[in-house]
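Trainee: I have a new model open and would like to learn how to read it. Could we go through a few features together?

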Amino acid sequence: HVYTPASLAELEDRYELGVGDLTLDLTGLNLEGSTERIAVEVGIGKAVVIVPADVSVDVRGEVGVGKAQAFEHVSDGLGRELEASSPGTSTGHLIIELEVGIGEGTVRRD
């Protein structure tokens with residue numbers, strides 16, 4: 001499942017998948033002057049969130065069994081939590097809440 005919202009009107013506040021791979025590509029959004037909070041949840045599988053190069057990003061992640069990665073921060077094993085921030089050059093701001101039961105969750109820049 002791949003989601004590529006092209007405008008804030010198309011952006012959902014929650015993306016969920018029980019089993020499988022979910023990719024959320026946010027690089028087509030103009031986030032200038034906006035703060036958006038997005039939850040991404042996968043029960044079993046892989047979640048990848050691709051964020052624009054210029055926005056500030058705060059990530060709060062949790063993985064039951066597996067690996068969570070946001071930029072250069074990595075946490076893997078059982079019951080792992082991850083918090084990471086990455087500054088941007090624009091006034092756009094993303095808050096990503098990432099949850100994976102079993103598998104892998106990644107937040108990265110374009």
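Trainee: Is E62 buried, exposed or partly exposed, and why?

Mentor: Keep in mind that this is a predicted model. Buried means under 20% relative accessible area and exposed means over 50%, with partly exposed in between. E62 has 41% relative accessibility, so it counts as partly exposed.

Trainee: Where is E62 found, and which residues gather with E62 in a patch?

Mentor: Look along strand β4, residues 56–70, and you will find E62 there. On the surface, E62 gathers with E81, E83 and E99 in a patch of negative charge.

Trainee: Why does L17 count as buried?

Mentor: Use the cut-off again: buried means under 20%. L17 has 14% relative accessibility, so it counts as buried. You can find L17 in strand β2, residues 14–25. Try a distance too: L17 and A6 are 11 residues apart along the chain, and their C-alpha atoms are separated by 21 Å.

Trainee: In what order do the strands form the sheet?

Mentor: The general idea is that strands of a sheet pair through backbone hydrogen bonds, either parallel or antiparallel. Here, six strands form an open sheet with mixed pairing, in the order β1-β2-β3-β6-β4-β5. β1 (2–3) and β5 (73–86) each have a single partner strand, so one side of each has no neighbour in the sheet.

Trainee: In which sense do β3 and β6 pair, and over how many bridges?

Mentor: Strand β3 (residues 35–51) and strand β6 (residues 93–109) pair in the parallel sense, over 16 bridges. To follow one of the partners, start at A39: its bridge partner in β6 is E97.

Notes: Residues numbered from 1 in each chain as written. Predicted model: local features only at pLDDT ≥ 70, side-chain atom pairs only at ≥ 80, totals over all residues. Heavy atoms only, no water. Patch = residues over 30% accessible without salt bridge, like charges linked within 9 Å, V, L, I, M, F, W, Y side chains within 5 Å. Areas by Shrake-Rupley, 256 points an atom, 1.4 Å probe, with all protein chains shown as cover. Salt bridge = Lys/Arg side-chain N within 4 Å of Asp/Glu carboxyl O. Lys, Arg positive; Asp, Glu negative; His and termini not counted. Charge placed at Lys NZ, Arg CZ, Asp CG, Glu CD. Helix = DSSP H or I, 4+ residues; strand = E, 2+ residues; numbered from the N terminus. Buried < 20%, exposed > 50% of the residue type's maximum accessible area, 1.4 Å probe, protein only. Pairing = 2+ DSSP bridges.
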